[in-house]
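Visitor: I have a model open on my screen and would like some help reading it. Could you walk me through it?

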Amino acid sequence: MYRQTEILQDATQVSPLNGGGDLEGAGDLIINVGPQHPSTHGVLHLVITLNGETIKKVEPHLGYIHRSIEKMCESLTFRQFIYVTSKMDYLSSHINNHGCCLCVEKGLQIEVPERAQVIRVLMDELTRLASHQLWWGALGMDVGALTPFFHAFRERELINDIFEETCGTRLTMNYMVPGGVMADLHPNFQRRVHEFIKQFKLKIDEYDELLTDNIIFKNRMQGVGVLSAADAVSYGCTGPVARGSNVVCDIRKLYPYEVYNKLQFDEVIETGGDCYARYMVRMKEMRQSLSIIEQLIDQVPEGEFQAKTKAVLKLPKGEYYSRVETARGEFGVYIVSEGGTTPYRIKFRSPGFSNLSALDHMARGGKIGDLIAIMGSLDLVIPDIDR
Amino acid sequence: MDEVKNIQTIAGGFPGDVHQTPTGGVLTSRLDDVINWARSNSLWPLVFGTSCCAIEMMSTAAAKYDWSRFGFEVARATPRQADVIIIAGTIVNKMAPVLKRLYDQMADPKYVVAMGACATSGGPFFYNTYSVVKGADHVIPVDVYVAGCPPRPEALLHAMIQLQEKIKSGMTREQIRDEMKVA
């Protein structure tokens, strides 16, 4: 098993790009996938150089959903900017908000009440489940099976209902605020989550029957888009993409925040590095998230759900960085403050951007059909990449 | 005298009358109305999701809300086969020409639903941004606007039903606009 630091010291392990040879030689075909294409999960634009059906080069073009969020944040206060981050990785919106709150709290040295910490972790894990469910359904659609989509959304709606009761919306919640969470848990929360756990434990086995052990699916995924551990680190991959390539990178374990260090859960590592390994990481992560929720749901401590904070937050002059583990990998928030009410500069380190950069490496030498499977296994959210 | 029976209630709003005769029945209607009725019940949407609203659009298509009950389930990946484009998400400057081209590639009659605050007006990205188009109607004409960030699936369903009503009324976008000008 590799640790990121060990690999970085040995740069010789980074393999050259396969496929190789002259690019755009005679008989090569250049085709565009996107920006409007069902398998790009949004508005990604890929320029692919093909020789027959073999991929020689994949060049992602970004910016079709660049909403200048980082620039926008500079004119919003430290309370306001958090709501825009829900719209970046909208499938992990709780976790995005969480990362920003941690950064602001670090600057102001706010102590978050324990109840709020537990609520945050519960929400994070429910978000991770909802995100992985959607990924599972979409991956099924990408490789040609429509059924998983309907199965995944059936369980996802249960989580959406739980969010709606407590947070008020289904998708972009903006529930976390500096100092805690915006409102207390709904009285039905615990009962609803128990119902969800009971149902999802049965259904996740059904998911396995549908895809995991499906021989057609295995043939599409196994040995496709192989990414070695050294390459995963050199491209800056995080999350399930890196963990599928045998890299230890779970922020929840390496740099625990909130109550994660008190919880019993495993960091899921697979050694294959192919699409199937990345698939298995997410499937096992769903069970881990379920176990985290089960550990916490009856242990929510009494007390305040929000620390007392000033109405206007002013971060002391300086630079602040915090990181959280979203459903896609490491999400980092870097704030430069000049001591005013708004940040001087904000930079988000989004997991999708780095994971996408490995796409070219993985797809070279493969077939064009494999490209869709690889993109599905990367679980890209395009507004998270473009920001 | 023939018994005239409006069958709107039994045939999903079919625009015509049934005249009972001893050998069965005769159905009278205007051809335009029948065409619009058929058209409104088989709207094929284009798969066009740019951001968050696309997830709610997927929820609308999935099991709980199931938009196939109203005839929208044949989502097409190519604009040449689509009737209605649901703009699900923010349109930024770089995407605007692409949206225009997609709209131009669609065959007439074509309809546009602007889903969510971003597609309606720029929404949360109205202020302080340099790259967001402040409403998709700066690029292509829009038939129905849906409020929300993102709108609930029920809201999208309601918008699509509104669009059906609009088509059944038999007037084009331009005719409705002119009528509103007179009023």
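What follows is a short conversation about this model.

Guide: Gladly! This is a predicted model, so local features need pLDDT of at least 70 and side-chain atom pairs count only at pLDDT 80 or more, while totals for chains, interfaces and linings use all residues. Residues are numbered from 1 along each chain as its sequence is written, chains are lettered from A and ligands numbered from 1 in the order in which they are written, and side-chain values use heavy atoms, with hydrogens and water left out.

Visitor: In the open sheet with the order 2-3-4 in chain A, which strands stand at the edges?

Guide: That sheet has 3 strands with antiparallel pairing; strands are DSSP runs of E of at least two residues, helices are runs of H or I of at least four, and both are numbered from the N terminus. Two strands pair if DSSP finds at least two bridges between them, and strands 2 and 3 of chain A are joined by 5 bridges. Each edge strand has a single partner, so one side of each lacks a neighbour in the sheet: these are strand 2 (29–33) and strand 4 (54–61) of chain A.

Visitor: Which helix lies across strand 2, strand 3 and strand 4 of chain A, and how many of its residues are buried?

Guide: The helix runs at about 150° to strand 3 of chain A, where angles run from 0 to 180 degrees between N-to-C directions of axes fitted to C-alpha atoms, for helices over the stretch in contact. Buried means under 20% relative accessible area, exposed over 50% and partly exposed in between, with a 1.4 Å probe and protein chains only. The buried residues include A:Leu371, A:Ile372 and A:Met375. The helix is helix 15 (residues 368–378) of chain A, with 8 of its 11 residues buried.

Visitor: Why does the salt bridge of A:Asp89 and A:Arg328 tie together distant parts of the sequence?

Guide: A salt bridge is a side-chain nitrogen of Lys or Arg within 4 Å of a carboxyl oxygen of Asp or Glu, and in this pair the closest N and O atoms are 2.9 Å apart. A:Asp89 lies in the loop between helix 3 and helix 4 of chain A, and A:Arg328 in the loop between strand 8 and strand 9 of chain A, so the pair joins parts separated in sequence by 239 residues.

Visitor: Which residues share a network of salt bridges with A:Asp89?

Guide: A:Asp89 itself counts as buried at 1% relative accessibility, and A:Arg328 has the value of 1% too. One member of the network, A:Asp379, comes just after helix 15 of chain A and takes a positive phi of about 55°. The partners in the network are A:Arg282, A:Arg328 and A:Asp379.

Visitor: What area is buried between chain B and chain A?

Guide: Buried area is the accessible area (1.4 Å probe) that two parts lose on being put together, summed over both. The contact, meaning heavy atoms within 4.5 Å, takes 36 residues from chain B and 34 from chain A. Carbon and sulfur atoms give 66% of the buried area, which is about 3000 Å².

Visitor: Which residue of chain B meets A:Asp161 in a salt bridge?

Guide: The rule finds 3 salt bridges across the interface of chain B and chain A. A:Asp161 counts as buried at 16% relative accessibility, whereas its partner is partly exposed at 44%. With N to O at 3.2 Å, that partner is B:Lys64.
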